[in-house]
Amino acid sequence: MCITSMFVTGFVLNAYGEKTPMNLRQASILMVSSFILLSFFGSIPYMYVNPFYKDIDPFSLVVKSFFESASGFTTTGLSQLLHPEDLPKSFDFYRSFTQWIGGLSFVYLIMAFFYPEKKLAHMQRMIGGVGLMLKQLLLTIAGIFTIYTVILTTLLYLFGYESTIYNLSLIFSAITGGGFIPTSTALNLQDTAQMLILISGMIISALPFAFHYAIFSKEMHTTKMRPEIYTYVAIIAVSIIVFYFLIASTDFASKPMFAMFHVVSASTNTGFQLIEMSVLSDEGKILLIIIMLIGGTAFSMAGGIKVGRILQIVQKVTKKKFVADDSTKSISGVSSRYNNQATNRHEPKSEKIKEEKTFREALLIIVLFIIVSFATAIILWVVEEKGFLNSLFESVSALTTTGITTGITSPNMSNISQISLIFNMIAGRFEIIAIVYFFLEISKRKH
C-alpha cells in the first residue's frame, strides 16, 4: 500500500505539475514537502502494524506513526518503541532502512533542487559541497556507503553477531547517523569490538561526502576539507576528556569507553545511548547539548549547525581566511593584510559579496537553531513537566537530528510534544536552510 501510494502520488505530480525553473523559495518548499510526503507514506506501515498499544485512538495512531517515520527518514532516531525486539524482524529492518533512504535522499534533494541553476551556486558554499557534480554524486555516493555497510556488517559477524538482519539494522543506524536499535539491549558497553565498530560507523556518517568520494576517486584530494575535519576531530577529542571528568563521580565513570561512545554519538548526531540522559549532571547535559548543536562536518549525514559554518564565523572575526592554492590544492591560513592585498588585486567584487552573504546566512542559521531549540523546549517544559534543561536537551536532540533522549520521548508523550519534535526533526534535517531561504525570498519581495 505504501509503495502504491507513493507511485500514484509521484505519477500525478509528474504528469500535472508545472515544469518551470524554480527560485529559492520554490525549491525550499519542494524540498521540505518532499520529506514530509516521504515521512507520511513511511508512516503507513506503522499504522498497519500498530506497534504502540491496543485501543489507541486513530489520531494518536497517526501522530505516533508519523513521528516514528519522520524520525527514521530524518535520521533522528528518537523512538517511542521501548522494546523494538517485540517487532517482526522485517519491520525492524524496515525502520533501519528508512534511515538509509533518508540520509542519502537528503543529498539528492539538495543537489537536484539547489544546484541546477547558476544563480544558486553559492548554496554549495553554504552546505560545504566541494567540487562534486550531480552525476558523479548520484553514481558513486550510494555505492560508497554500500561498501562501508558491507565492511562493518561483516566485522560484526566476525566478532560473534550472527544475525544478518540484526547486523544490518545496527550498521544502517550507525552509518547514517540514525540511532534506531534492533533490540533494547543491542548496545553492550562491555563488548569493546562492537563499540569500536559502531564508533567507526558514526564517524563515517559525520564526515563530508566529498571526503568519501575523494577516498575512492583519484579525481579529488582531501586537502581542501582538512581544516574542517581537523577541527571536528579536535572538538571530539576535547569533549571526550571534559565529559569523562564531568561524570567522574558516577558509577560509570570508570569506563572511558562510556565517555567516548556518548560524545561521538552526540557529535555525529547519531543518538545511540547506553543510559537515559536524565541521570546525567547538569554540566554533562549542557556539554552534550553544545556538541549536538555544533554537529558534524558540512555536507554529511550529521545534523547540527556544522563545523564548516563555525569556521566561517571564526575566519571572519579573526580576519583570517582559508585560501585554496590552485597549484598545490592545499588550504592555508594567512594574515588579514595579505588577504586584503590579494583581494584588491585578484578577487572579484562579486566574490566578496558572495562571501559576505554566506557569512550573514551562517549567522542567521546559528541564531535560528538557538531560537527554535528554546521555543520547542518551552513547549516541552510546559506540557511534559520534566524540567527545562531536560526539555532543552530533547529539543536540541530533535533539531540536530541526534535522537538522544532524556526520557521525554516515550509512549506517554502528548500529541503536542510529538508534533513539536516532528517540526524540529524536519527543520533540522535541512539545517533550517529551507526556512532561511523562504524568508529571505519574502524579504526581497518586500524591498
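**Close-up views of a predicted model**

**View 1. Thr401 is buried, with a relative accessible area of 0%.** Here, buried means under 20% relative accessible area, exposed over 50% and partly exposed in between, using a 1.4 Å probe and protein chains only. This is a predicted model, so local features need pLDDT of at least 70 and side-chain atom pairs count only at pLDDT 80 or more, while totals for chains, interfaces and linings use all residues. Residues are numbered from 1 along each chain as its sequence is written, and side-chain values use heavy atoms, leaving out hydrogens and water. To find Thr401, look in the loop between helix H17 (388-399) and helix H18 (415-429); helices are DSSP runs of H or I with at least four residues, numbered from the N terminus. What is the C-alpha to C-alpha distance from Thr401 to Leu293? The two C-alpha atoms lie 9.8 Å apart in space, although 108 residues separate Thr401 and Leu293 in sequence.

**View 2. Helix H18 is mostly covered.** Carry on along the chain from the Thr401 loop and you reach H18, which spans residues 415-429. Of the 15 residues in H18, 11 are buried. Polar names appear in the buried list as well as nonpolar ones, so click through them in turn: Ser417, Gln418, Ser420, Leu421, Ile422, Asn424, Met425, Ile426, Ala427, Gly428 and Arg429. The end C-alpha atoms of H18 are 21 Å apart, which agrees with the 21 Å that its 15 residues should span at 1.5 Å a residue. That expected span is 1.5 Å times one less than the number of residues. Step just past the end of H18 and you meet Glu431, with a positive phi of about 55 degrees.

**View 3. Helix H11 covers residues 226-246.** How far does H11 reach from its first C-alpha to its last? The answer is 30 Å over 21 residues, close to the 30 Å expected at 1.5 Å a residue. For a tour of the buried positions in H11, visit Pro227, Glu228, Ile229, Tyr232, Ile236, Ser239, Ile240 and Phe243.

**View 4. Phe93 and Phe97 form a stacked aromatic pair.** A search of the whole structure finds 17 aromatic pairs. In the pair shown here, Phe93 and Phe97 have ring planes 15 degrees apart and a centre-to-centre distance of 5.9 Å. The rings of Phe, Tyr and Trp (its six-membered ring) pair if their centres lie within 6.5 Å, and planes under 30 degrees apart count as stacked, over 60 as edge-to-face and the rest as tilted. Both residues sit in helix H5 (residues 89-114); because they are four residues apart, about one helical turn separates Phe93 from Phe97. Phe93 is partly exposed at 28% relative accessibility, and Phe97 is partly exposed at 32%. Widen the view a little and you can follow ring pairs that link Phe93, Phe97, Trp100 and Phe172 into a cluster.

**View 5. Phe261 and Phe272 make another stacked pair, with ring centres 6.2 Å apart and planes at 15 degrees.** This pair links distant parts of the chain, 11 residues apart. Phe261 belongs to helix H12 (residues 256-267), whereas Phe272 lies in the loop between H12 and helix H13 (282-294). Are Phe261 and Phe272 buried or exposed? Both are buried.

**View 6. Arg25 and Ala434 have C-alpha atoms separated by 7.7 Å.** Along the chain, Arg25 and Ala434 are 409 residues apart. Arg25 is part of helix H2 (residues 24-42). With a relative accessibility of 22%, Arg25 counts as partly exposed.

**View 7. Asn50 and Thr75 each have a positive phi.** Most residues other than glycine have a negative phi. Which phi does Asn50 take? Asn50 is not a glycine, yet its phi is positive, at about 50 degrees. You will find Asn50 in the loop between helix H3 (44-49) and helix H4 (58-73), where it is partly exposed at 26% relative accessibility. Thr75, which is not a glycine either, has a positive phi of about 55 degrees. The loop that holds Thr75 runs between H4 and H5. Thr75 is buried, with a relative accessible area of 0%.

Notes
Helices (H or I, at least four residues) and strands (E, at least two) are DSSP runs, numbered from the N terminus.
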